[in-house]
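Reader: Before I rely on any label, I would like to hear the reasoning behind it. Could you take me through a few of them?

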Amino acid sequence: VIGAHTTDQCTSTKTISLTLIPSPTLQVSGTSSICPNGIAGIQVSGANTYTWNTGSNSSSIQVTPSGTTVYTVSGTATTNSCTSSLSHTVQVMPQPNLFVTGNGVICKGDNTILTASGAHNYNWNTGATSSSISVTLFSSTNYTVVGSFTNSSCSSNYTCTVIVEVCVGLEEEKAEPGAFVIYPNPSKGVFTVENAEQLEIT
């Protein structure tokens, strides 16, 4: 700083030193994506005290966001009271809503096709990786399929039971004019009998 008198133009000089105090350098790490209802852990370092936009003053927090959320933390150095801020985003990934269609009850030895929907990728407990499987059963069986999206690590599973019943059947005879038509065959015990011609019963 240089000062001067207006009367005699004499000057004097005074030097002042300024020290630039750096702000804390924060580093944030933690979970960047979770599945619905999942828990994300976030940690921060580089300062002495912290304040999160969640209200927490800890160096680490656990959060369960319902949707993609940005978390901001401010860090303060106790030596100089300087602060810095940093943000961390937690993304909630989509989770499939699976459904399986097919016959839930079949006769012993019959075949049925089970089809899963609601995801991009499928894995059945049979080892199949297609959306549909064809099964021939002699006893009631549980089938579980795990589905996931291509752009998400989140998965869902769906379990269904195919019940096998012992059905009553009739041997098929060679069709002749006026022959009986019997259906359903096999059935669970109730049959319908029809004849194309007039039938007299005595």
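Author: What follows is a set of questions and answers on a predicted model.

Reader: What makes cysteine 35 and cysteine 154 a disulfide?

Author: Their sulfur atoms lie 2.1 Å apart, and a disulfide is a pair of cysteine sulfur atoms within 2.5 Å, so the pair qualifies. The bond links distant parts of the chain, since cysteine 35 sits in the loop between strand 4 and strand 5 while cysteine 154 sits in the loop between strand 15 and strand 16, 119 residues apart.

Reader: Why is the disulfide of cysteine 35 and cysteine 154 called left-handed?

Author: The torsion about its S-S bond is about -110°, and therefore the disulfide is left-handed.

Reader: How do you know whether cysteine 154 is buried or exposed?

Author: Its relative accessibility is 1%, and buried means under 20%, so cysteine 154 counts as buried. Cysteine 35, by contrast, has a relative accessible area of 25%, which falls between the limits of 20% and 50%, so cysteine 35 is called partly exposed.

Reader: On what grounds is cysteine 160 assigned to its class?

Author: The relative accessible area of cysteine 160 is 15%, and because the limit for buried is under 20%, cysteine 160 is buried.

Reader: What makes strand 3 and strand 7 edge strands in the sheet of order 3-5-7?

Author: Each of them has a single partner strand, so one side of each is left without a neighbour in the sheet. Strand 5 and strand 7 pair in the antiparallel sense over four bridges, and two strands count as paired from at least two bridges, so this pairing meets the criterion.

Key. Residues are numbered from 1 along each chain as its sequence is written. This is a predicted model: local features need pLDDT of at least 70, side-chain atom pairs count only at pLDDT 80 or more; totals for chains, interfaces and linings use all residues. Side-chain values use heavy atoms; hydrogens and water are left out. Buried means under 20% relative accessible area, exposed over 50%, partly exposed in between (1.4 Å probe, protein chains only).
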